[in-house]
Structure formats: C-alpha cells, structure tokens
Amino acid sequence: MKKFCPKCGAEGKPMHKGFCIDCYLADHPDIVEIQDMEIEECPNCLRAHLGKNWTSSELEPFIASKVKTKLSEPTITASIVGETEKGPVMLIKVAGRLGENEAELSKEIQITLRKRQCDVCSKKQSTYHNAKMQLRGPEEAVTDAFRAVRNENRSTSRKERMAEVFRFEEVKDGVDVYLGSAQAAKNAAAKLVNKGAKVKTTYKLVGLDRKTGKRRYEITYSVRMQ
Ligand SMILES: [Zn+2]
Ligand SMILES: [Zn+2]
C-alpha cells in the first residue's frame with residue numbers, strides 16, 4: 001500500500017512524521033519564523049536604522065538575517081515584491097532540508113517604515129559641530145581652500161559621515177566651515193598648510209561628553225590663506 005497523508009489524502013508525496021510534507025509545513029508555522037517589522041528611515045538621507053547602525057545598505061540581506069528556521073542547511077532570500085502606503089512588502093523564501101526531504105517555504109511580510117531623523121542628520125540640523133575652520137584671505141584663495149576642505153572630506157565621509165561638512169557660513173572676510181569630526185578638520189588643516197596657509201589652533205571647552213564623561217572640546221582652526 002502506498003503511503004497516504006491522513007490529513008489531505010495525497011498519495012505518493014514525500015512524508016514527514018506521518019504527514020505529507022505540505023501538510024506538515026502548513027501545520028508547523030514555526031519552521032520559518034519572521035514577522036512584520038518596523039524599520040526606521042531617516043527622511044533626510046534615506047538611511048535605514050538596521051540593527052545598531054544607520055546605513056544605506058540594502059534591506060534584503062538584513063531581513064534575511066532576521067529569519068529563524070528549523071530547516072537544516074537553509075538558504076534564505078528576501079526580496080521586495082510590492083509596496084503599500086506603510087512600506088515595502090517582502091517575500092521571504094527559505095529552502096532547506098526537513099528530515100529526509102527537501103522543503104521550501106515562503107512568507108510575505110509587511111515592512112512599516114517609520115520616519116526618524118538619524119543621529120548625523122539631526123546633528124547637522126542643530127548647531128552641533130566638533131571643529132570649526134575659519135578660512136580667511138584673498139577671495140580666490142578662500143574659495144580654493146573651501147573646495148580643498150570639501151574634497152578632503154568627501155573621501156573620508158564615505159566611511160565616516162561625521163567627517164562631512166555640517167554647515168558653512170559666509171562671513172565678511174571669508175567662510176566659516178563647521179565639521180562633525182575633529183580628525184577630519186585636522187586632516188584638512190594639514191592639507192592647507194601644505195598649500196602655504198598659516199594655521200592657528202584653539203581649543204574651547206564646551207562641556208562633558210554624556211557618553212564617555214570626558215571633556216569635550218571644540219577645536220577652531222584659524223586658517224590664513226596667502
Ligand atoms: Zn497532506
Ligand atoms: Zn539621515
């Protein structure tokens with residue numbers, strides 16, 4: 001006698017623990033566990049808050065990494081298959097082994113995107129900065145210096161967004177540039193020294209860092225271009 005599934009009556013299908021594999025999977029939703037999720041997205045830079053980081057990396061591998069499965073040797077993929085007013089709809093596919101059999105399951109989940117400004121964007125929109133560069137001198141030299149600061153920072157800020165130019169302000173005799181990273185400002189100042197600028201550095205105590213308890217200084221580079 002051929003084995004048949006006591007639930008759906010199918011004959012000749014792969015069986016697992018007395019049921020056909022499809023019925024078994026249908027009755028055991030915990031074999032693939034993933035639920036609708038909320039993801040924060042920054043309305044300014046469109047980075048997503050995935051795990052602990054604000055990142056512009058893809059959503060798919062992150063969602064795939066959140067899937068729990070009881071299948072062995074699983075291959076998990078996630079892809080965006082639709083979009084509602086809440087956010088993307090994702091299809092999760094899990095293929096693997098269940099006992100003797102190959103099994104494949106899919107689930108759809110709704111991702112709800114919540115708007116929240118990321119740390120760097122909110123700092124950029126406040127008056128926050130770690131370093132200030134006052135570029136002074138003949139107009140053309142100041143323009144060149146400003147361009148050099150931006151270019152210097154562009155390469156660093158790809159890895160470290162705090163290195164970005166947060167704000168700048170044209171003043172009577174030059175331009176003030178505000179940066180999130182003291183190190184980036186230091187590097188840029190060193191570049192300008194190579195171009196013949198005179199640089200004076202001043203430190204101002206602005207308070208205590210809430211996280212580390214260390215004193216926080218704001219560094220000002222007064223750059224005089226020739
Ligand atoms: Zn069945
Ligand atoms: Zn942002």
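In α5, one of the helices here (helices are DSSP runs of H or I of at least four residues, strands E runs of at least two, numbered from the N terminus), the buried residues are Ala 184, Ala 185, Ala 188, Ala 189 and Leu 192. A residue counts as buried if 20 or more other C-beta atoms, placed from the backbone, lie within 10 Å of its own. These five cover an arc of only 135° around the axis, which puts them on the same side of α5; the arc is that of the directions from the helix axis to the C-beta atoms.

I should say at once that this is a predicted model, in which local features need pLDDT of at least 70, side-chain atom pairs count only at pLDDT 80 or more, and totals for chains, interfaces and linings use all residues. Residues are numbered from 1 along each chain as its sequence is written, while chains are lettered from A and ligands numbered from 1 in the order in which they are written.

The 13 residues of α5 should span 18 Å at 1.5 Å a residue, and its end C-alpha atoms are 19 Å apart, which agrees. The expected span is 1.5 Å times one less than the number of residues. After α5 comes Gly 196, with a positive phi near 100°.

What do the buried residues of α5 pack against? Their partners are β11, α4, β13, β14 (198–208) and β15, where contact requires C-beta atoms, placed from the backbone, within 7 Å. The helix α5 lies across β11, β13, β14 and β15, and runs at about 20° to β15. Such angles run from 0 to 180 degrees between N-to-C directions, with axes fitted to C-alpha atoms, for helices over the stretch in contact.

Turning to the sheet: it is open, has five strands in the order β12-β13-β11-β15-β14, and its pairing is mixed. Strands pair if DSSP finds at least two bridges between them. Because β12 and β14 stand at the edges with a single partner strand each, one side of each is left without a neighbour in the sheet. Between β12 and β13, which run antiparallel, there are six bridges; Glu 170 stands opposite Val 175 in β13.

Finally, the core. The largest nonpolar core (buried Ala, Val, Leu, Ile, Met, Phe, Trp, Tyr and Cys residues joined through C-beta atoms within 7 Å) has 21 residues, and Met 133, Ala 145, Leu 179, Ala 185 and Val 223 have the most contacts inside it. With five residues, α5 gives the most to this core. A second, separate core of 17 residues includes Cys 20, Ile 21, Leu 59 and Leu 98.

Methods. A residue is buried if 20 or more other C-beta atoms lie within 10 Å of its own, exposed if 12 or fewer, and partly exposed in between; C-beta atoms are placed from the backbone. Two residues are in contact if their C-beta atoms, placed from the backbone, lie within 7 Å.
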